[in-house]
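Student: Please take a close look at one part of this model, beginning with a single position and its solvent accessibility. Then connect that position to its surroundings in one continuous account.

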Amino acid sequence: MRYNTSASGDDVCSLKDYVSRMKENQKHIYYITGESKETVANSAFVERVKKRGFEVVYMTEPIDEYVVQQSKEFDGKQLVSVTKEGLELPEDEEEKKKFEEAKAKFEGLCKVMKDILDKKVEKVVVSNRLVDSPCCIVTSQYGWSANMERIMKAQALRDSSAMGYMAAKKHLEINPDHSIMENLRLKAEANKNDKSVKDLVMLLFETSLLSSGFSLEEPGTHASRIYRMIKLGLGIDEDDEKIEEDEPAVVDAEMPPLEGDKEDASHMEEVD
């Protein structure tokens, strides 16, 4: 088996090569599955792993999804997906303390977001895997990855019951260091019933689905939310716009009389 990795460039390498380059404090082999090298390399899931200097294996063949289900480790090192819950990176005491403080600070927002998303996600938690992205969708340890869900949906003889069970286990992780999440936290604390909070949460969730490799069940609804946010950014008031559309045309009282016979004009005024 040979793979591209975050450190191999255009070359491919074996898991043995990967293990030989592992850092002293690294316990696991980190990997990500996806459609192509470009897709996984630019994924939000590998942001912090790469920033911390750890190498990520890019598994981009459909067969890889089945291989990692059976091959849980190599050379005594456990294979860990960066797209699933429970990702643990080596941290010092200061980093652990900062993460615990972030969890306490965003506990209220996580609850609000879970209430809004309801059954769309199993839980909403603070993430320690993100750097530049505000949030991402991860799957449970034993659920399908986004790539596996895509592969299974393409199967002609797929098991519908398995689709419903395995594909439903999604978690939303939020980045406590991102300005979007901080401002959303303040907005939700001011008024958690604010309609714009619900819109923003749904928009963040749907955008995270796309960026995490999932497909949308209702793309039309997502598009409507995008258009509504664009109108808001342009300062267009939807209520005013609706009134303008519903109101009948008003004839200006100062308009001159109709051209032609004055008697016809007078007759028209009588009819009015």
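Tutor: D118 counts as partly exposed, because its relative accessibility is 44% and the class lies between buried, under 20% relative accessible area, and exposed, over 50% (1.4 Å probe, protein chains only). The model is a predicted one, in which local features need pLDDT of at least 70 and side-chain atom pairs count only at pLDDT 80 or more, whereas totals for chains, interfaces and linings use all residues. Residues are numbered from 1 along each chain as its sequence is written, and side-chain values use heavy atoms, with hydrogens and water left out.

D118 is found in the loop between α6 and β6; helices (H or I, at least four residues) and strands (E, at least two) are DSSP runs, numbered from the N terminus. The phi of D118 is positive, at about 55 degrees, although the residue is not a glycine. Most residues other than glycine have a negative phi. Another such case is D75, with a positive phi near 55 degrees. D75 lies in the loop between β4 (73-74) and β5 (77-81), and this residue counts as exposed, at 57% relative accessibility.

The strand that follows the loop of D118 is β6, residues 123-126, which contains V124. V124 counts as buried, with 9% relative accessibility. Where contact means heavy atoms within 4.5 Å, and leaving aside neighbours within four places in sequence, V124 is in contact with C110, M113, K114, L117, L172 and I174. Helix α6 spans 107-117 and strand β8 spans 170-174. The C-alpha atoms of V124 and V112, twelve residues apart along the chain, are separated by 9.2 Å.

Helix α6 and strand β8 also bear on helix α10, since the buried residues of α10 pack against both, and against β7 (135-139), α9 (179-190) and α11 (219-233). Those buried residues are V197, D199, V201, M202, L203, L204, F205, E206, S208 and L209. Helix α10 itself (residues 195-211) has 17 residues and reaches 24 Å from its first C-alpha to its last, close to the 24 Å expected at 1.5 Å a residue, the expected span being 1.5 Å times one less than the number of residues. At the start of α10, a side-chain oxygen of D194 comes to within 2.9 Å of the backbone nitrogen of S196. This is a polar contact, that is, a pair of N or O atoms within 3.5 Å; within protein, one must be able to donate a hydrogen and the other to accept it, and residues adjacent in sequence count only if both atoms are side-chain atoms. Just after α10, G213 takes a positive phi of about 100 degrees.

The charged end of R185 sits over the ring of F106, 5.6 Å from its centre; the criterion is NZ of Lys or CZ of Arg within 6 Å of the ring centre and within 35 degrees of the ring normal.

Among the elements packed by α10 is β7 (135-139), and two cysteines are numbered within that range. The sulfur of C135 is 7.3 Å from the closest cysteine sulfur, in C136, which is too far for a bond. C135 counts as buried at 4% relative accessibility, and C136 counts as buried at 1%. The structure holds zero disulfides, a disulfide being a pair of cysteine sulfur atoms within 2.5 Å.

Elsewhere, the structure holds one aromatic pair. The rings of Y30 and F54 have their centres 5.8 Å apart and their planes at 50 degrees, so the pair is tilted; rings of Phe, Tyr and Trp (its six-membered ring) pair if their centres lie within 6.5 Å, with planes under 30 degrees apart counted as stacked, over 60 as edge-to-face and the rest as tilted. Y30 lies in strand β2 (residues 28-33) and F54 in the loop between α3 (47-51) and β3 (56-59), so the pair ties together parts that are 24 residues apart in sequence. Y30 is buried, at 0% relative accessibility, and F54 is buried as well, at 3%.

For the overall setting, the protein has 13 helices and eight strands. Buried residues make up 39% of its 272 residues.
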